[in-house]
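This briefing covers a ligand site, two enclosed or open spaces, and a set of backbone and residue details. The structure comes first.

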Amino acid sequence: MKPRLIVSRQMPSSVGDRIRAEFDCPHPDGRDMDAETTLALLEETKAEALMFTSHLKLTAEFIERLPARLKIAATCSVGTDHIDVNAARVRGLIVTNTPKVLDECTADLAFLLLLGAARRAREYNTVMERGWRQGMGMGEMLGIRVWGKTLGILGMGGIGRAMAARARGFGMKVLYCNRTRLPPELEQGATWFGDLRDMLPQCDMLSLHAPATPATQRIINAETLALLPKGAVLVNTARGALVDEGALLAALASGHLAAAGLDVFDNEPAYDLRFRDHPNVFFTPHMGSATHETRRAMGFCCLDNIQAVLQGQRPLTPLWS
Ligand code: DGY
């Protein structure tokens, strides 16, 4: 008999095919379910495993209502800020995430946002969509050169380091702020700062790659933005919670920031529409991992974890061990 699984979010077909082959699952391609529907289906099907994404909040209340037979909840994300980890631990639920597999794609998108913001991609696109038809002077619609600039990276985990690798290819000087200094083989010549405030004045560009935690909440605010040099570019592919969006909008409006590249927002998907009014914002709807290859790898990472746990083995990528 195949093990029973509930998948509370639509999955790519490659992941659905594997679910069909290995699990007894009422919606093998996944279905977007809210908390109540997920709980009802877990109860009804007597499933021992749940695969979900950040759209489903594993709050203490939700965890308390989970059927006792549920052994593992595998989130198809690297971020875990939608999960009450303490409540899950207390309940004895195994929770896994998908580290590493999305590092490269997220860094690709961060660099795309950096280039797009600095080189005014959104405005050029608008000109082309309107039909162009009028040549531009040598001084018109100039962007900022990325090559050779100094990039500050907040959070030098896997994604931060993948971003640093791309920056080195663009001849950039890389600074990073992390709680601890990395060994030289991971640092790869980047300069460490233990205090963000010391790093910011030296950054032409700043890219955020830290998780959302109480310590990083609104770490980019009016005070820290003011420490960046005038004309800096901010990129955020981490979490909206890191940024005080009111302060960011003000810095964009005043010209203190030349541009921003944003993939994440405080209130997703209903992001603050005032960002639309700033042509110097180049933005995407939280799509860092959205490639065929990476979404498949994330789905397979969840399924590998689920299979391991249901076969009595240790999970491969648990949130705690
Ligand atoms: C992640 O994996 O955490 C992405 O941001 C999607 O939520």
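In this predicted model, a polar backbone atom of valine 78 lies 2.7 Å from an oxygen atom of the ligand. Further polar contacts to ligand oxygen come from glycine 79, through a backbone N or O atom at 2.8 Å, and from histidine 286, through a polar side-chain atom at 2.7 Å. On its own the ligand has 230 Å² of accessible area, and the protein covers 84% of that.

**Ligand site**

- The residues around the ligand are Ser54, Ser77, Val78, Gly79, Leu102, Arg239 and His286.
- By class, this shell holds four polar residues, two nonpolar residues and one charged residue.
- Serine 77, one of the residues around the ligand, sits in the loop between strand 3 (72–75) and helix 4 (85–91).
- Serine 77 has a relative accessible area of 8%, so it is classed as buried, the limit being under 20%.
- The side chain of serine 77 also makes a contact within the protein, reaching the backbone oxygen of glycine 79 at 2.8 Å.
- Glycine 79 therefore appears twice in this site: its backbone oxygen is reached by the side chain of serine 77, and a backbone N or O atom of glycine 79 lies 2.8 Å from a ligand oxygen.

**Second largest pocket**

- The second largest pocket has a volume of about 150 Å³.
- Its lining consists of Leu93, Ile94, Val95, Arg314, Pro315, Pro318, Trp320 and Ser321.
- Six of these lining residues are nonpolar, one is polar and one is charged.
- Arg314 is the charged member and Ser321 the polar one, because Arg counts as charged and Ser falls outside both the nonpolar and the charged lists.

**Cavity**

- The count of cavities of 30 Å³ or more is one.
- The largest cavity encloses about 40 Å³ of space.
- Asn236, Gly240, Val243, Glu245, Leu248, Leu262, Val264 and Phe275 form its lining.
- That lining comprises five nonpolar residues, two polar residues and one charged residue.
- Asn236 and Gly240 are the polar pair, because Gly is counted as polar and Asn is in neither the nonpolar nor the charged list.

**Backbone geometry**

- Most peptide bonds are trans, and most residues other than glycine have a negative phi.
- The bond between glutamate 268 and proline 269 is a cis peptide bond, with omega at about 0°.
- Proline 269 is placed in the loop between strand 10 (257–262) and strand 11 (281–283).
- Lysine 46, which is not a glycine, has a positive phi near 60°.
- Lysine 46 belongs to the loop between helix 2 (35–45) and strand 2 (49–52).
- The relative accessible area of lysine 46 is 45%, which makes the residue partly exposed.
- Arginine 218 also has a positive phi, about 55°, without being a glycine.
- Arginine 218 is in the loop between strand 8 (205–208) and helix 10 (222–227).
- At a relative accessibility of 27%, arginine 218 is partly exposed.

**Leucine 56**

- Leucine 56 is located in the loop between strand 2 and helix 3 (60–64).
- With a relative accessible area of 2%, leucine 56 is buried.
- Aspartate 34 is 22 residues away from leucine 56 along the chain, and their C-alpha atoms are 6.7 Å apart.

**Serine 254 and lysine 230**

- Serine 254 is part of helix 11 (residues 245–254).
- A polar side-chain atom of serine 254 lies 3.3 Å from the backbone oxygen of alanine 251.
- Serine 254 is exposed, its relative accessible area being 53%.
- Lysine 230 is in the loop between helix 10 and strand 9 (232–236).
- Lysine 230 is exposed as well, at 63% relative accessibility.
- The C-alpha atoms of serine 254 and lysine 230 are separated by 9.9 Å, with their positions 24 residues apart along the chain.
- From lysine 230 to proline 12 the C-alpha separation is 43 Å, and the two are 218 residues apart along the chain.

Notes:
Residues are numbered from 1 along each chain as its sequence is written. This is a predicted model: local features need pLDDT of at least 70, side-chain atom pairs count only at pLDDT 80 or more; totals for chains, interfaces and linings use all residues. Side-chain values use heavy atoms; hydrogens and water are left out. On a 1 Å grid over the protein atoms alone, a cavity is a set of points where a 1.4 Å probe fits but cannot get out, and a pocket is an open set with protein on both sides within 12 Å along at least five of seven lines; lining residues have an atom within 4 Å of a point. Grid points are joined across faces, edges and corners, and a volume is the space filled by probe spheres set on the points. A residue is near a molecule or strand if one of its heavy atoms lies within 4 Å of it. A polar contact is a pair of N or O atoms within 3.5 Å; within protein, one must be able to donate a hydrogen and the other to accept it, and residues adjacent in sequence count only if both atoms are side-chain atoms. Accessible areas come from the Shrake-Rupley method with a 1.4 Å probe; for residues, only the protein chains shown count as cover. Helices (H or I, at least four residues) and strands (E, at least two) are DSSP runs, numbered from the N terminus. Buried means under 20% relative accessible area, exposed over 50%, partly exposed in between (1.4 Å probe, protein chains only).
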